[in-house]
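Please load the model in the viewer and begin with the whole chain in view. The tour then proceeds from the overall fold to a single side chain.

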Amino acid sequence: MIVTVEELKQAKKMLYERNIKYDKDIEVGIMVETPAAAVMTKDLAKEVDFFSIGTNDLIQYMTASDRLNVKVQNLYDTCNIAVLRMVQQIIEAGHSENIRVGICSEMASDYKMVPILVGMELKN
C-alpha cells in the first residue's frame with residue numbers, strides 16, 4: 001500500500017537501480033487504497049503510468065468500518081458521499097496528468113455503481 005510520494009519514489013528507485021530484470025514495456029502504477037494516498041493523488045499521478053482504485057480498503061479506512069465485523073459493517077457503504085467524493089478526486093487527479101484510472105473490488109463489480117462511475121468519467 002502506497003501512502004506517500006516518497007515511498008513511491010523509493011520503490012521506483014529500487015526497481016530501476018537494482019537492475020531488476022523486468023519487461024520495460026510494463027507500466028508502473030499504484031493501487032490507491034489509503035486515504036493518505038487518495039489525498040496525494042495529484043502528486044502521485046506525476047510519478048506513475050496508472051492508478052487502480054482499491055475500493056474495498058479505501059472504503060474501510062475512510063469509514064472506520066470492517067466488512068467482516070458485524071458490529072461496524074453497517075458503516076461500510078459504497079455510496080458514502082465522502083467515499084464517492086474521494087473516488088472522484090482520484091479520477092480527476094489521474095486525468096489531470098493523463099494517466100489511466102481503473103477501479104477494482106466490490107464497487108467495480110456492482111452494476112448499480114456503473115452509472116455513477118461513468119458519470120465520474122471513469123473510463124477503464
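The stops below describe the fold, then the surface and charges, and finally one residue.

**Whole chain.** The model is predicted. Colour the protein chain by secondary structure: 7 helices and 3 strands should appear. Traced along the sequence, these elements follow the order α-β-α-α-β-α-α-β-α-α. The radius of gyration is 15 Å, close to the 14 Å that the globule rule gives for 124 residues, so the protein chain is as compact as a globular protein of that length. Aligned on its principal axes, the C-alpha trace spans about 45 × 30 × 25 Å.

**Contacts and burial.** Among contacts with a separation of 6 or more, 56% link residues 24 or more positions apart. Of the 124 residues, 37% are buried.

**Surface and charges.** Switch to a surface display; the protein chain exposes about 7,500 Å², of which carbon and sulfur atoms supply 53%. Next, select the charged side chains: 14 are positive and 18 negative. The centres of these two sets lie 3 Å apart.

**Thr-63.** Select helix H4, which covers residues 55-63 and includes Thr-63. Is Thr-63 buried or exposed? Its relative accessibility is 13%, so Thr-63 counts as buried, the cut-off being under 20%. Now show the side chain of Ser-65, which forms a polar contact of 2.7 Å with the side chain of Thr-63. To complete the view, add Leu-75, Tyr-76, Asn-80 and Val-83, the residues that Thr-63 contacts when its neighbours within four places in sequence are left aside.

How values were computed: Residues numbered from 1 in each chain as written. Predicted model: local features only at pLDDT ≥ 70, side-chain atom pairs only at ≥ 80, totals over all residues. Heavy atoms only, no water. Helix = DSSP H or I, 4+ residues; strand = E, 2+ residues; numbered from the N terminus. Rg over C-alpha atoms; globule rule 2.2 N^0.38 Å. Buried < 20%, exposed > 50% of the residue type's maximum accessible area, 1.4 Å probe, protein only. Contact = heavy atoms within 4.5 Å. Areas by Shrake-Rupley, 256 points an atom, 1.4 Å probe, with all protein chains shown as cover. Lys, Arg positive; Asp, Glu negative; His and termini not counted. Charge placed at Lys NZ, Arg CZ, Asp CG, Glu CD. Polar contact = N/O pair within 3.5 Å; in protein donor to acceptor, adjacent residues only side chain to side chain.
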